[in-house]
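Here are some short exercises, each with a worked solution. Have the viewer ready and try each task before reading on.

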Amino acid sequence: MKYYVMMTGFILSMFMIGCSSSKGLTKEEKAAKEAVLQKAIENREFVVDVDRMLPMSGRSRTLTSPYSLEINNDRVKSHLPYFGRAYSVPYGGGDGLSFESTITDYRSSFDSKGKATIEFQTKTEEDRYSFRIEIFPDGSTSMSVTSVNRQGISFLGIASEKKNE
């Protein structure tokens, strides 16, 4: 019985120490990070690093390789995986969602809580794509992609300002 009480006390104390030592960002740091991200979105210079894929049919998948969508003014560079039904694609499967193209019909807005909603279209030799991206103040992102020749797909990830190389 004494052993049980000691182990319970030890586990609880370790839990409390662990909780108190895991520091988050201060309010000032959080506000500064949100301001930098908002400015990057307004300037159309941001990157979304994708870590989860949600196809229309089938189960969601965690991505282990680096995938991203980069917005740079009026250009989009997409390096995203695709799983789903293709209705009409070039022989060999085509490039899917890996392309670099010009953005058309770009619209962005912020709601009262700081969430950004971005919508745009782009066209490649293979297909026409419509993107809808929702970026929350902490950087977490939800993105859906629809196209003419493929079934829609969604992604989850983290947005950040584009680093100049």
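**Exercise 1.** Which charged end sits over the ring of Phe83, and how far is it from the centre?

*Solution.* Start with the ground rules: this is a predicted model, where local features need pLDDT of at least 70, side-chain atom pairs count only at pLDDT 80 or more, and totals for chains, interfaces and linings use all residues. Residues are numbered from 1 along each chain as its sequence is written, and side-chain values use heavy atoms, with hydrogens and water left out. A charge sits over a ring if NZ of Lys or CZ of Arg is within 6 Å of the ring centre and within 35 degrees of the ring normal. Now look at Phe83: the charged end of Arg61 is over its ring, 4.2 Å from the centre. Then turn to Tyr106, where Arg44 lies over the face at 3.8 Å from the ring centre.

**Exercise 2.** Find out how far the confidence of the model reaches along the chain.

*Solution.* The score to use is pLDDT, the predictor's confidence in each residue, from 0 to 100. Its mean over the chain is 83, and 80% of the residues reach 70 or more. Over residues 17-22, however, the pLDDT is below 50, and this stretch has 0 contacts (heavy atoms within 4.5 Å) beyond near neighbours in sequence.

**Exercise 3.** List the elements of the chain, then describe how β3 pairs with other strands.

*Solution.* Helices (H or I, at least four residues) and strands (E, at least two) are DSSP runs, numbered from the N terminus. The chain has 2 helices and 8 strands, in the order α-α-β-β-β-β-β-β-β-β from the N terminus on. Two strands pair if DSSP finds at least two bridges between them.

- Step 1: β2 (residues 61-72) and β3 pair in the antiparallel sense over 5 bridges, with Asn72 opposite Arg75 in β3.
- Step 2: β2 and β3 form a hairpin with 2 residues between them, and Asn73 in the turn has a positive phi of about 60°.
- Step 3: β3 and β4 run antiparallel, joined by 6 bridges, and Leu80 stands opposite Leu97 in β4.

**Exercise 4.** Which side chains of strand β3 are buried?

*Solution.* Buried means under 20% relative accessible area, exposed over 50%, partly exposed in between (1.4 Å probe, protein chains only). Along β3 (residues 75-80), Val76, Ser78 and Leu80 point to one face and are buried. Arg75, Lys77 and His79 point to the other face and are not buried. In a regular strand the side chains alternate between the two faces of the sheet.

**Exercise 5.** Trace the ring cluster, then place it beside the nonpolar core.

*Solution.* Rings of Phe, Tyr and Trp (its six-membered ring) pair if their centres lie within 6.5 Å; planes under 30 degrees apart count as stacked, over 60 as edge-to-face and the rest as tilted. The count comes to 3 aromatic pairs.

- Step 1: Tyr106 and Phe120 have ring centres 6.2 Å apart and planes at 20°, so they are stacked. Tyr106 is in β4 (residues 97-110) and Phe120 in β5 (residues 116-123).
- Step 2: Phe120 and Phe131 have ring centres 4.9 Å apart and planes at 10°, so this pair is stacked. Phe131 belongs to β6 (residues 128-135).
- Step 3: Ring pairs link Tyr106, Phe120 and Phe131 into a cluster.
- Step 4: A nonpolar core is a set of buried Ala, Val, Leu, Ile, Met, Phe, Trp, Tyr and Cys residues joined through side-chain atoms within 4.5 Å. The largest has 29 residues, and those with the most contacts inside it are Phe120 and Met143.
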